[in-house]
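Biologist: Could you walk me through this model, one question at a time? I would like to see the reasoning behind each answer.

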Amino acid sequence: MLDSATGLSVPRSRQRVATSVAYWALQFAGWGLYFRAQASGEVIFADASWSQAATLWGGVCVSGFTLTHLLRWIIKRGQWLSLPPSALLIRMLLAIALLASTLHVITIALSLAEYNTSVAPILGALYRRLPPDEQLFNQFINSLIVTLIWVGLYLGFAVQRHRYDAQVHRAELAQLLNAAELRLLKSQLNPHFLFNALNGVRALIADEPARAQDAVTRLAHTLRYTLAANDGELVTVARELEMVNDYLALEGLRLADRLAVVRDIAPEAAQARVPVMLIQTLIENAIKHGIAELKEGGTLRIEAHVANAELTIQIINPRPISAPVPHTQGTGLNNSSERIRLLFGSRASLRLDLSRPGVATAEVRLPA
Amino acid sequence: MKALIVDDEPLARRELRRLLAAHRSIQIVGEAGDIDEARERIESLAPEVVFLDIQMPGGTGFDLLTRLDWIPRIIFTTAYDRYGVTAFDVNALDYLLKPIEPERLAVALDKLRATAGGETHKGSPLEQLFVRDGPRCWFIPVRDVSVFSAEGNYVRIQWGQERPLLGRSLAALESKLDPQRFFRANRQQIINLESIRSMELGVGGRLHVQLNDGREVQISRRQARQFRERTTV
């Protein structure tokens with residue numbers, strides 16, 4: 001499923017080369033054909049000499065080629081395709097007017113130089129029934145049509161490509177997002193804990209079915225709580241501690257008498273609100289890096305109280321003395337720090353104190 | 001076959017005991033809850049196979065293996081393969097994911113029986129080394145090593161294309177090696193006699209030895225005489 005998006009993403013550089021080749025081919029072919037049509041028309045219908053016709057229309061086409069290429073450069077540089085439609089329309093109209101007028105002036109100048117008339121002979125022959133000033137106006141219309149055709153073709157292709165790129169980009173983003181969500185979910189589910197708990201349940205089923213049933217119920221609770229948790233959600237400390245109790249009961253299965261828990265939760269603290277999974281993450285850390293690493297285990301203390309409109313939660317656990325102080329806080333704690341900072345700003349803090357040997361204290365302060 | 005169960009969780013040990021009860025060929029001689037206990041039991045009980053959990057307090061299963069002089073057959077048991085055991089060279093060992101499936105256990109035990117030959121026991125020369133270098137681990141059959149070189153207090157092992165570092169001294173290693181096969185070429189190196197391709201006399205009574213992998217080792221003058229005595233046919 002994840003591969004479907006990669007099928008779209010042809011290497012960017014190859015794609016760019018392909019579009020570039022297509023652009024140059026069309027540019028040469030378009031202006032070349034226009035030159036050939038105008039110059040040969042002038043020789044056939046206006047009895048002009050080949051060299052004069054070639055000079056006039058060669059000049060016009062080379063100018064057109066250069067000016068449109070310049071316009072393409074401006075469009076790309078100014079990222080016109082990313083502009084809102086109205087802004088793009090205004091810019092394109094201005095560009096069209098400027099381009100058509102410039103081509104018109106160049107045509108007049110070259111025609112004057114070659115034939116001494118301001119209307120090119122082929123157009124003069126075409127519009128011979130019109131008065132001279134209207135012939136000149138039609139010559140402008142001619143330049144305008146050529147410009148419009150170029151802009152129409154160019155925008156048609158470029159907009160399609162832009163849309164396609166955007167689609168590919170969106171697909172890639174969606175894929176990245178999926179992968180990130182999956183990673184987050186995996187870390188929240190704590191697979192090491194999960195499989196150990198399942199193993200414990202399997203061991204209990206035959207001899208102690210009642211304990212096995214209780215463990216399955218608690219496992220279901222923790223999974224449901226984890227899966228339902230939304231990033232910005234706040235829950236009461238009491239609700240979060242229900243989850244923590246289920247979790248600790250399951251860890252108690254595998255750690256047996258190595259895990260003791262002491263809770264000291266003030267009644268007003270129980271009703272205070274905390275980000276969902278915050279205490280749970282700290283407890284998981286305390287078990288994983290602390291008590292589970294000790295042969296004799298130890299006592300986990302969970303304390304919460306409110307003072308001066310501030311909720312303080314402390315998780316205190318023993319840890320191996322020899323264990324080096326981790327150089328990074330670990331993703332779990334970093335994520336938690338970031339989350340409470342986003343939710344409460346500078347009024348909240350999360351601190352892991354490893355200054356005392358053999359003891360780890362995680363402390364959260366939140367506005368109550 | 002004598003087996004030892006090493007796991008820090010009593011419930012996990014209980015579960016494995018129950019699963020193994022169905023296999024008459026396996027006789028559980030003991031249990032251990034951490035690696036120090038495990039090391040002691042392996043030395044005193046000499047089990048032929050050890051069911052070894054990886055994550056334990058006080059040190060991992062890998063730590064245990066690097067400290068053993070004599071390594072029984074190992075079957076790793078792990079709840080979640082954070083260490084990539086499943087990517088190990090499975091010819092050298094097997095692994096079981098917890099909760100362990102009875103069928104999977106039966107397959108592992110069959111494999112164990114099929115490859116059981118070549119009885120090794122405590123006191124016989126070192127046959128297998130477990131080496132952990134950075135994120136990689138190897139079970140190295142000692143007879144396939146061509147050179148052991150001292151590197152500070154450690155030993156660099158030359159084994160095929162690999163050059164892992166072993167966390168013991170060359171002198172400590174030398175006392176465990178089979179003297180019929182391994183020879184102290186100089187102060188820095190021990191060579192495998194089986195991997196010698198050719199040799200020639202060097203300056204001042206030294207010997208230049210070329211090994212099968214193309215590497216050259218010098219045998220010091222002091223050792224050269226002994227070497228000639230050993231290898232003279």
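Below, we go through the confidence, the contacts between chains, a sheet, some helices and a few unusual backbone spots.

Biologist: Let's start with confidence. Which element of chain B has the highest mean pLDDT?

Modeller: Happy to begin there, as this is a predicted model. Chain B averages a pLDDT of 86, with 91% of its residues at 70 or more, and the predictor gives the complex an ipTM of 0.74 and a pTM of 0.67. Among the elements of chain B, the lowest mean, 81, belongs to strand β7 (residues 136-141), while the highest, 96, belongs to strand β2 (residues 27-32) of chain B.

Biologist: How do the residues of chain B that touch chain A divide into nonpolar, polar and charged?

Modeller: The contact involves 14 residues of chain B and 17 residues of chain A. On the side of chain B that touches chain A, the residues divide into seven nonpolar, one polar and six charged.

Biologist: Staying in chain B, which residue in the turn between β13(B) and β14(B) has a positive phi?

Modeller: Strand β13 (residues 196-201) of chain B runs antiparallel to strand β14 (residues 207-211) of chain B, and five bridges join them. One of the pairs is Ile196(B) with Leu211(B). β13(B) is hardly covered, with zero buried residues among its six. The two strands form a hairpin with five residues between them, and the turn residue with a positive phi, about 65 degrees, is Gly204(B).

Biologist: Where in chain B is the cis peptide bond?

Modeller: Most peptide bonds are trans. Look at the loop between β5 (94-97) and α4 (102-114) of chain B, where Pro99(B) is found. Omega there is about -5 degrees, and the cis bond joins Lys98(B) and Pro99(B).

Biologist: Now chain A. Which are the edge strands of its open five-stranded sheet?

Modeller: The strand order in chain A is β2-β4-β5-β7-β6, with mixed pairing. An edge strand pairs on one side only, and that picks out β2 (259-265) and β6 (349-353) of chain A.

Biologist: What is the bridge partner of Val262(A) in β4(A)?

Modeller: β2(A) and strand β4 (residues 298-307) of chain A pair in the parallel sense over seven bridges. Within that pairing, the partner of Val262(A) is Arg301(A).

Biologist: And which helix packs on the sheet with its direction at about 15 degrees to that of β5(A)?

Modeller: Two helices can be set side by side here. Helix α9 (residues 237-255) of chain A touches β2 and β4 of chain A, and its direction makes about 165 degrees with that of β2(A). The helix that touches β4, β5 (310-318) and β7 (359-367) of chain A, at about 15 degrees to β5(A), is helix α11 (residues 278-290) of chain A.

Biologist: How far apart are the end C-alpha atoms of helix α3 of chain A?

Modeller: As a point of reference, α9(A) has 19 residues and reaches 25 Å, close to the 27 Å expected. For α3 (residues 50-77) of chain A, 28 residues at 1.5 Å a residue should span 40 Å, which agrees with the computed separation of 39 Å.

Biologist: Which tryptophan is among the buried residues of α3(A)?

Modeller: Residues three or four places apart in an α-helix point the same way, because there are 3.6 residues a turn. The buried residues of α3(A) include Ala53(A), Val60(A), Gly64(A), Thr68(A), Leu71(A) and Ile75(A), and the tryptophan among them is Trp57(A).

Biologist: Is Gln79(A) buried or exposed?

Modeller: Gln79(A) lies in the loop between α3 and α4 (85-115) of chain A, and has a positive phi of about 50 degrees although it is not a glycine. A residue with 12 or fewer other C-beta atoms within 10 Å counts as exposed. Gln79(A) has 9, so it is exposed.

Biologist: Last one: how does Arg273(A) count, with 16 C-beta neighbours inside 10 Å?

Modeller: Arg273(A) lies in strand β3 (residues 273-275) of chain A. Beyond its neighbours within four places in sequence, Arg273(A) is in contact with Leu234(A), Val235(A) and Thr236(A). Buried would need 20 or more neighbours, and exposed 12 or fewer. With 16, Arg273(A) therefore counts as partly exposed.

Technical notes:
Residues are numbered from 1 along each chain as its sequence is written. Chains are lettered from A and ligands numbered from 1 in the order in which they are written. This is a predicted model: local features need pLDDT of at least 70, side-chain atom pairs count only at pLDDT 80 or more; totals for chains, interfaces and linings use all residues. pLDDT is the predictor's confidence in each residue, from 0 to 100. Helices (H or I, at least four residues) and strands (E, at least two) are DSSP runs, numbered from the N terminus. Two strands pair if DSSP finds at least two bridges between them. Two residues are in contact if their C-beta atoms, placed from the backbone, lie within 7 Å. Ala, Val, Leu, Ile, Met, Phe, Trp, Tyr, Cys and Pro count as nonpolar, Asp, Glu, Lys and Arg as charged, and the others, Gly among them, as polar. Axes are lines fitted to C-alpha atoms, for helices over the stretch in contact, and angles run from 0 to 180 degrees between N-to-C directions. The expected span of a helix is 1.5 Å times one less than its number of residues.
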